[in-house]
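Student: I am new to this structure and would like a close look at one part of it. Please take me through that part step by step.

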Amino acid sequence: MWDVDLKGEMADDEVRTYLQMLSLDELRPAPMPPAALEIQELDQCSPLVRGTTLGIGGAHQWPSQQWDDQQWQTYLKGPHLRHWVALIHGVPAGLLSLDVP
């Protein structure tokens with residue numbers, strides 16, 4: 001329990017400690033904060049839809065990897081198709097595409 005007098009003076013059993021750095025070499029950077037995730041809805045024909053799908057799907061052999069321009073146009077013009085991109089520090093990290101009637 002702290003025993004401080006109301007005038008702001010230190011009690012006899014209180015210890016005050018100070019940090020002193022005499023050189024910039026003593027300064028250590030703080031750890032990076034966790035990545036900020038941002039979700040944005042994309043326009044139906046945004047180039048990010050195709051680019052992100054191709055970038056992510058390649059490692060998973062998604063059928064869209066083999067589509068030509070006409071197949072992409074047909075897919076992207078789906079009447080109920082909506083897309084959201086996940087961004088980490090502004091760089092696409094994921095994509096959600098839903099056919100929402």
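Student: Which residues does Thr-52 touch, not counting residues up to four places away in sequence?

Tutor: A caution belongs at the start: this is a predicted model. With residues up to four places away in sequence left out, Thr-52 touches Val-85, Pro-92, Gly-94 and Leu-95. Thr-52 itself is found in helix α1, which covers residues 47–57. Its relative accessibility is 7%, so Thr-52 counts as buried, the limit being under 20%.

One of these contacts, Val-85, leads further into the structure. Leaving out residues up to four places away in sequence, Val-85 touches Thr-52, Pro-92, Gly-94 and Leu-95, and also Glu-38, Ile-39, Gln-40 and Leu-42. Val-85 also belongs to the largest nonpolar core, which has 6 residues in all: Leu-42, Val-49, Trp-72, Leu-76, Val-85 and Leu-87. At least two residues of this core are supplied by α2 (69–76), and at least two by β2 (81–88).

Another core member, Trp-72, takes us to the aromatic rings. The structure holds 3 aromatic pairs. In one of them, Trp-67 and Trp-72 meet edge-to-face, at 4.9 Å centre to centre and with 70° between the planes. The rings of Trp-72 and Tyr-75 have centres 5.9 Å apart and planes at 80°, so this pair is edge-to-face as well. Trp-72 and Tyr-75 both lie in helix α2, where they are 3 residues apart, about one turn of the helix. Through ring pairs, Trp-67, Trp-72 and Tyr-75 are linked into a cluster.

The members of this cluster can also be described by their exposure. Trp-72 has a relative accessible area of 1% and is buried. Trp-67, at 27% relative accessibility, counts as partly exposed. Tyr-75 is partly exposed too, with a relative accessible area of 28%.

For contrast, consider a part of the surface. Leu-19, Met-21, Leu-24 and Leu-27 make a nonpolar surface patch of about 490 Å². Leu-19 is found in the segment before β1 (37–42). The relative accessible area of Leu-19 is 77%, so this residue is exposed, the limit being over 50%.

To return to the request: Thr-52 is buried, and its listed contacts include Val-85, which is one of the residues of the largest nonpolar core.

Conventions. Residues numbered from 1 in each chain as written. Predicted model: local features only at pLDDT ≥ 70, side-chain atom pairs only at ≥ 80, totals over all residues. Heavy atoms only, no water. Core = buried A, V, L, I, M, F, W, Y, C linked by side-chain atoms within 4.5 Å. Buried < 20%, exposed > 50% of the residue type's maximum accessible area, 1.4 Å probe, protein only. Helix = DSSP H or I, 4+ residues; strand = E, 2+ residues; numbered from the N terminus. Contact = heavy atoms within 4.5 Å. Patch = residues over 30% accessible without salt bridge, like charges linked within 9 Å, V, L, I, M, F, W, Y side chains within 5 Å. Areas by Shrake-Rupley, 256 points an atom, 1.4 Å probe, with all protein chains shown as cover. Salt bridge = Lys/Arg side-chain N within 4 Å of Asp/Glu carboxyl O. Phe/Tyr/Trp six-rings, centres within 6.5 Å; stacked < 30°, edge-to-face > 60°.
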